[in-house]
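Please look through the structure shown here before reading on. The paragraphs that follow move from a single loop to the overall build, then to individual helices, and finally to the surroundings of the ligand.

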Amino acid sequence: MTTLLERDDGLRIVRVLTPEDAEPYRTSFAGAYQDIFSGAPYFERFWASEALGILDGFLRVPDHVTLLAVKGETRVVAFGIGVPMVARPDIARELRGLVPIRESFYLAELGVQDGWRGKGLGRQLVDLRIASIDQNRYSHVLLRTVASRRGAYDMYRSLDFEDMGVYMEVPSRRVDGTVTTDRRLFLSRVLPGR
Ligand SMILES: CC(C)(COP(=O)(O)OP(=O)(O)OC[C@H]1O[C@@H](n2cnc3c(N)ncnc32)[C@H](O)[C@@H]1OP(=O)(O)O)[C@@H](O)C(=O)NCCC(=O)NCCS
């Protein structure tokens, strides 16, 4: 595990590499994941076991970039996770022909706990993930966000991501118990790298 940044407000942004690194944070990560996605704009319901399964899945992907913003010893208040696009065939299928899949990195998860928003953490977790990518191997960074073009969309646009004009309907279980789809939009950024 590496500490990438210590913020003035006492939060540490750490990069976890292995399941052993992640062990002290697992329970808190699951709670943060459930809280964040149960609110706007997604209103999704995840069980703690699902959130843990998602974390474990990312930790198994070669070259994953998993960042946690931690308060005190183990309290996770935000996370940002990215993986090579080849690890996400469901996403690659939508973008084949538009970007070089093997040279693309996918920013898969970003969440900041409600009380910690608006303090630059979201931006930092995007910047630090991009800085952690091997730019000799990856030329494009991609992500998917809610299509309503407010909030996260504006943040990514201000971080030089371009709207690809490609949409995807994503099914999820919602907090009201229904399973519905919502529309997500892809954004991309070319890395200066090579
Ligand atoms: C989107 C999210 C990660 C932003 O985190 P954050 O720590 O508040 O972001 P920052 O403080 O770095 O803010 C980045 C910029 O985006 C803007 N912004 C972020 N979220 C916003 C929102 N919901 N509505 C309006 N503006 C928003 C901020 O005003 C800020 O702009 P500024 O720097 O010009 O003032 C956070 O709101 C979140 O976790 N939302 C729920 C989950 C989600 O949508 N994840 C993204 C999935 S792709």
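**A walk through the model**

Asp160 lies in the loop between H6 and S7. The model is a predicted one, and in it the phi of Asp160 is near 75°, a positive value in a residue other than glycine. Asp160 is exposed, since 11 other C-beta atoms are found within 10 Å, and a residue counts as exposed when that number is 12 or fewer. Another residue that is not a glycine, Asp63, also has a positive phi, of about 70°, and this residue sits in the loop between H3 and S3. Asp63 is partly exposed, with 15 other C-beta atoms within 10 Å.

To place these loops in the whole, it helps to follow the chain from its beginning. The protein has six helices and eight strands, and from the N terminus on these elements run in the order β-β-α-α-α-β-β-α-β-α-β-α-β-β. The C-alpha trace spans about 45 × 45 × 30 Å along its principal axes. A compact globule of 194 residues would have a radius of gyration near 16 Å, and the protein has 16 Å, so the value agrees with that expectation. Of the 194 residues, 32% count as buried. Among the contacts between residues at least 6 apart in sequence, 64% join residues that are at least 24 apart.

Helix H2, which covers residues 26–38, has 13 residues that should span 18 Å at 1.5 Å a residue, and because its end C-alpha atoms are 18 Å apart, the model agrees with this figure. The buried residues of H2 are Phe29, Ala30, Ala32, Tyr33 and Ile36. These residues cover an arc of only 165° around the axis, which means that they lie on the same side of H2. Their packing partners are helix H3 (48–59), strand S3 (65–71), strand S4 (75–84) and S5.

Between H2 and H3 runs a loop that contains Pro41, and the peptide bond that joins Ala40 and Pro41 is cis, with an omega of about 0°. Beyond this loop, H3 has twelve residues and reaches 17 Å from its first C-alpha to its last, close to the 16 Å expected at 1.5 Å a residue. Which residues of H3 are buried? They are Ala51, Leu55 and Phe58, and because they cover an arc of only 65° around the axis, they are placed on the same side of H3. On the other side of H3, Ser49 and Asp56 are exposed. The buried residues of H3 pack against helix H1 (19–22), H2, S3, S4 and S5.

Further along the chain, strand S7, made of residues 162–173, holds Val166. Is Val166 partly exposed or buried? Val166 is partly exposed, because 16 other C-beta atoms lie within 10 Å, whereas a residue counts as buried with 20 or more. Leaving aside residues up to four places away in sequence, Val166 touches Glu94, Leu95, Leu98 and Phe186. Val166 and Leu5 are 161 residues apart in sequence, and their C-alpha atoms are 34 Å apart in space.

The last part of this walk concerns the ligand. Of the 19 residues around the ligand, Arg117, Gly122, Arg123, Gly151 and Met155 come nearest. The elements that give two or more residues to this shell are strand S5 (104–112), helix H5 (121–132), strand S6 (140–146) and helix H6 (152–158). Which element gives the most to the shell around the ligand? That element is H6, with four residues. By chemical character, the residues of the shell divide into seven nonpolar, seven polar and five charged.

One of the helices in the shell, H5, can be followed in more detail. H5 has twelve residues and reaches 16 Å from its first C-alpha to its last, close to the 16 Å expected at 1.5 Å a residue. The buried residues of H5 are Leu121, Gly122, Gln124, Leu125, Val126, Arg129 and Ile130. Gly122 is thus both one of the buried residues of H5 and one of the residues that come nearest to the ligand.

How values were computed. Residues numbered from 1 in each chain as written. Predicted model: local features only at pLDDT ≥ 70, side-chain atom pairs only at ≥ 80, totals over all residues. Near = placed C-beta within 6 Å. Nonpolar A, V, L, I, M, F, W, Y, C, P; charged D, E, K, R; others polar. Rg over C-alpha atoms; globule rule 2.2 N^0.38 Å. Contact = placed C-beta atoms within 7 Å. Expected span 1.5 Å × (residues − 1). Arc of directions from axis to C-beta.
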